[in-house]
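Got your viewer open? Keep the selection box handy, and we'll walk through the model one stop at a time.

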Amino acid sequence: METSFEETIQQHWAPDPPGTILSRIKQGLLELGKDIDALTQDDLLAVDEFHIRGREATTELATLADVSNEDRVIDLGSGLGGPSRYLASTTGCCVDGIDLTAEYCAIATELARRVGLAANINYQRANALELPFGEDTFDLAWTQHISMNIQDKARFFSEMFRILKVGGRAAIYDPICGSGEPIRFPVPWARDDSTNFLIDANKTRRHIEKAGFRIEKWHDVSEKSVAWFEKNAKLAAEKGPQALGLHLLLGSDWPVMAKNMAENIAAGSISVIQVVARKGS
Ligand SMILES: C[S@@+](CC[C@H](N)C(=O)[O-])C[C@H]1O[C@@H](n2cnc3c(N)ncnc32)[C@H](O)[C@@H]1O
């Protein structure tokens, strides 16, 4: 039977049999001497903030979007849930996380339970292009590093707009096309062009605005991103393989994916942006 695009994306992010990633994470935590029955959010930092600059980037975006306990938040492409758990624990907000990869949703649910946040967060498998929520439901639509896999950007931003209340914000943190030079594969979201849908800054702006948003903040954080990759490469060279890290998700290709990302951003073929946009009245 032919593999659907959704299955291809899931297989990319969770290539091994179900349960494998969580077992590897537990093993990694044990190797680090962590008590998996008394986990803290910080114990998971190396593996559950699945985007450039990890927790630092999540903290910055949360500040830019001014997240508070009054916000009902949706995290589109919530992954293993590090960012949603950070938002829920630091502000007291409630979060719905949706992600196309069923296994990530199951792991995120288990990790939220283990760190005592099950009451604030609900994860479910869904496609960001068909959100299982009604209009005017959320105060904040949060998304980090998923749009690279999404070809239909118009639909992506209009779904975000639809489920937001009037006055609600979208907080977006994504790699985009830079100079137009070809990018070097594999990168974390794509082994080749078939699952890569980066567009440039002008097109991204146009899609966001066409969906109905007013862009309030737009920051290019490419330089910080290169510095982060360089720091990590240096640490990896000094310390060797780590017990816990993103290699537990994407396997032995991870080092070359990270190296290519660093080179793509340094060469200008990929940029990294933070955006806050508002659904006006
Ligand atoms: C790099 S991870 C980012 C996870 C999380 N946002 C984070 O920053 O930790 C990319 C995620 O995008 C998800 N994804 C890709 N396309 C999607 C779609 N159309 N709808 C929902 N999730 C999607 C993948 O399943 C994967 O979990």
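Start at G212, the residue that follows helix 8: its phi is positive, near 120°. One thing to keep in mind on the way: this is a predicted model.

**Stop 1: the start of helix 8**

Now go back to the other end of that helix, which covers residues 201–210. Select D200 together with N202. D200 caps the N-terminal end of helix 8, with a side-chain oxygen 3.2 Å from the backbone nitrogen of N202.

**Stop 2: helix 1 and its cover**

Select residues 5–13 to light up helix 1. Which of its residues are buried? They are I9, Q10, H12 and W13. These residues span an arc of only 160° around the axis, so they sit on the same side of helix 1.

What covers them? Switch on helix 2 (20–31), helix 6 (102–114) and strand 3 (121–125), which are part of the cover. Helix 10 (247–250) and helix 11 (254–266) are also included.

Keep W13 selected and add F50 and W254. Ring pairs link W13, F50 and W254 into a cluster.

**Stop 3: the ligand**

F50 leads us to the ligand, since F50 is among the closest of the 23 residues that surround it. The other closest ones are H51, G77, D99 and T101.

Try these distances in your viewer:

- T101: an N or O atom of its side chain is 2.6 Å from an oxygen atom of the ligand.
- N127: an N or O atom of its side chain is 2.9 Å from a nitrogen atom of the ligand.
- A128: a backbone N or O atom is 2.9 Å from a nitrogen atom of the ligand.

How much of the ligand does the protein cover? On its own the ligand has 600 Å² of accessible area, and the protein covers 98% of that.

**Stop 4: rings meeting rings**

A pair of aromatic rings is described by the distance of the centres and the angle of the planes. The count of aromatic pairs here comes to seven. For one of them, select F133 and F138: the centres are 5.0 Å apart and the planes are at 85°, an edge-to-face pair. F133 and F138 are both buried.

Next, pick F161 and F213. Their ring centres are 5.1 Å apart and their planes are at 85°, so this pair is edge-to-face. F161 belongs to helix 7 (residues 153–163) and F213 to strand 6 (residues 213–220), so the pair ties together parts that are 52 residues apart in sequence. Are these two buried or exposed? F161 counts as buried at 19% relative accessibility, and F213 counts as buried at 4%.

**Stop 5: two aspartates, two arginines**

Select D71, in the loop between helix 4 (54–65) and strand 1 (72–76). D71 counts as buried, at 8% relative accessibility. Add R169, and you'll find a polar contact between the two side chains at 2.9 Å. Leaving aside neighbours within four places in sequence, D71 is in contact with D66, C93, C94, D139 and R169.

Then hop to D253, in the loop between helix 10 and helix 11. D253 is partly exposed, with a relative accessible area of 28%. Its side chain makes a polar contact with the side chain of R191, at 3.0 Å. Add V187 as well: D253 and V187 are 66 residues apart in sequence, but their C-alpha atoms are 9.0 Å apart in space.

Another pair of this kind starts in helix 2, where you'll find L30. L30 is partly exposed, with a relative accessible area of 48%. Select A243 too: L30 and A243 are 213 residues apart in sequence and 8.9 Å apart in space, C-alpha to C-alpha.

**Stop 6: backbone oddities**

Most residues other than glycine have a negative phi, and most peptide bonds are trans. With that in mind, zoom in on F185 and P186. A cis peptide bond joins F185 and P186, with omega about -5°. P186 lies in the loop between strand 5 (164–177) and helix 8.

Now for R53, which is not a glycine but has a positive phi of about 70°. R53 is in the loop between helix 3 (45–48) and helix 4, and it is buried, with a relative accessible area of 2%.

Finish at D136, not a glycine either, with a positive phi of about 55°. Look for D136 in the loop between strand 3 and strand 4 (138–144). D136 is partly exposed, with a relative accessible area of 43%.

How values were computed:
Residues numbered from 1 in each chain as written. Predicted model: local features only at pLDDT ≥ 70, side-chain atom pairs only at ≥ 80, totals over all residues. Heavy atoms only, no water. Polar contact = N/O pair within 3.5 Å; in protein donor to acceptor, adjacent residues only side chain to side chain. Helix = DSSP H or I, 4+ residues; strand = E, 2+ residues; numbered from the N terminus. Buried < 20%, exposed > 50% of the residue type's maximum accessible area, 1.4 Å probe, protein only. Arc of directions from axis to C-beta. Contact = heavy atoms within 4.5 Å. Near = heavy atom within 4 Å. Areas by Shrake-Rupley, 256 points an atom, 1.4 Å probe, with all protein chains shown as cover. Phe/Tyr/Trp six-rings, centres within 6.5 Å; stacked < 30°, edge-to-face > 60°.
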